[in-house]
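Colleague: I have a model open and would like to learn how to read it. Can we go through its features one at a time?

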Amino acid sequence: QVHLGESGGGLVQAGGSLRLSCAASGRTFRGHMAWFRQAPGKEREFVSRITWSNMVTYAESVEGRFTISRDYAKNTVYLQMNSLKLEDTAVYYCAADDRYFGTRSSDYDYWGQGTQVTVSS
């Protein structure tokens, strides 16, 4: 079993930056990790993913503004969010899977509890 714990959310003004962290614990994890987000009244959507081999993918809406990275020694994945917009406001979820690295929520077995990101004008 893998447990995921997110941190780093908060309130930020439009144009500002935040860095989210997600630490995996429970056992040694050598899989793929991703970030999703869910805004009020909307479905959960893919934000970014990073494979075990460090291949990264971004949603078009965050390309060029967000950067995903991971620290293998710390079992942690990060999401650096720059030039934040009002529409980035959502609960951000970390996800992980041993085998799959897709862009659908169903591709991931393990989920964190989520961290709120609120962008104000």
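**The core, the sheet and the rings**

Modeller: Start with the largest nonpolar core. It has 34 residues, and those touching the most other members are Leu-4, Met-33, Trp-35, Leu-79, Met-81 and Tyr-92. Keep in mind that this is a predicted model.

Colleague: Which elements give two or more residues to this core?

Modeller: Seen along the chain, they are strand 3 (18–25), strand 4 (32–38), strand 5 (45–50), strand 7 (66–71), strand 8 (76–81), strand 9 (90–97) and strand 11 (115–120). Strand 9 contributes the most, with five residues.

Colleague: Take one core member. What does Met-33 touch, leaving out residues up to four places away in sequence?

Modeller: Its partners are Leu-4, Cys-22, Ala-24, Arg-49, Ile-50, Ile-68, Arg-70, Val-77, Cys-94, Ala-95, Ala-96 and Tyr-108.

Colleague: Now the sheets. In what order do the strands of the open four-stranded sheet lie?

Modeller: The order is 1-3-8-7, and the pairing is antiparallel. Strand 1 (3–7) and strand 7 are the edges, each pairing on one side only. On average, neighbouring strands here are turned by 15° against each other, direction ignored.

Colleague: How many bridges join strand 3 to strand 8?

Modeller: Six, and the two strands run antiparallel. One place to look is Leu-18, whose bridge partner in strand 8 is Met-81. Met-81 is also among the core residues that touch the most other members.

Colleague: And on the other side, how many bridges does strand 7 make with strand 8?

Modeller: Six bridges again, in the antiparallel sense. Ser-69 has Tyr-78 as its bridge partner in strand 8. Asp-71 is bridged to Thr-76 of strand 8.

Colleague: What lies between strand 7 and strand 8?

Modeller: Four residues, and the two strands form a hairpin. In the turn, Asn-75 has a positive phi of about 55°.

Colleague: Is strand 8 mostly covered or mostly open?

Modeller: Mostly covered. Five of the six residues in strand 8 are buried.

Colleague: Back to phi. Where else should I look for a positive value in a residue other than glycine?

Modeller: Asn-54 is one case, with phi near 75°. Asn-54 sits in the loop between strand 5 and strand 6. Its relative accessible area is 42%, so Asn-54 is partly exposed. Ser-83 is another case, with a positive phi of about 50°. Look for Ser-83 in the loop between strand 8 and strand 9. At a relative accessible area of 41%, Ser-83 is partly exposed.

Colleague: Next, a charged side chain. Is Arg-65 buried or exposed?

Modeller: The cut-off for buried is under 20% relative accessible area. Arg-65 has 10%, so it counts as buried. Arg-65 is placed in the loop between strand 6 (56–58) and strand 7.

Colleague: Which side chain makes a polar contact with the side chain of Arg-65?

Modeller: That of Asp-88, at 2.7 Å. Leaving aside neighbours within four places in sequence, Arg-65 is in contact with Gln-80, Met-81, Asn-82, Ser-83, Leu-84, Lys-85 and Asp-88. Note Ser-83 in that list. We met Ser-83 for its positive phi.

Colleague: Last topic, aromatic rings. What describes a pair of them?

Modeller: Two things do: the distance of the centres and the angle of the planes. Here the count is five aromatic pairs. In one of them, Phe-36 and Trp-111 have ring centres 5.1 Å apart and planes at 55°, so the pair is tilted. The pair links distant parts of the chain, with Phe-36 in strand 4 and Trp-111 in strand 10 (residues 110–111), 75 residues apart. Phe-36 is buried at 1% relative accessible area, whereas Trp-111 is partly exposed at 27%.

Colleague: How are the rings of Trp-52 and Tyr-72 set?

Modeller: Their centres are 4.8 Å apart and their planes stand at 85°, so this pair is edge-to-face. Trp-52 belongs to the loop between strand 5 and strand 6, and Tyr-72 to the loop between strand 7 and strand 8, 20 residues apart. Trp-52 is partly exposed at 32% relative accessible area. Tyr-72 is partly exposed too, at 34%.

Colleague: Which residues do ring pairs link into a cluster?

Modeller: Phe-36, Phe-46, Tyr-93, Tyr-108 and Trp-111. Tyr-108 is also among the contacts of Met-33.

Technical notes
Residues numbered from 1 in each chain as written. Predicted model: local features only at pLDDT ≥ 70, side-chain atom pairs only at ≥ 80, totals over all residues. Heavy atoms only, no water. Core = buried A, V, L, I, M, F, W, Y, C linked by side-chain atoms within 4.5 Å. Buried < 20%, exposed > 50% of the residue type's maximum accessible area, 1.4 Å probe, protein only. Contact = heavy atoms within 4.5 Å. Polar contact = N/O pair within 3.5 Å; in protein donor to acceptor, adjacent residues only side chain to side chain. Pairing = 2+ DSSP bridges. Axes fitted to C-alpha atoms, helices over the stretch in contact; angles between N-to-C directions. Phe/Tyr/Trp six-rings, centres within 6.5 Å; stacked < 30°, edge-to-face > 60°.
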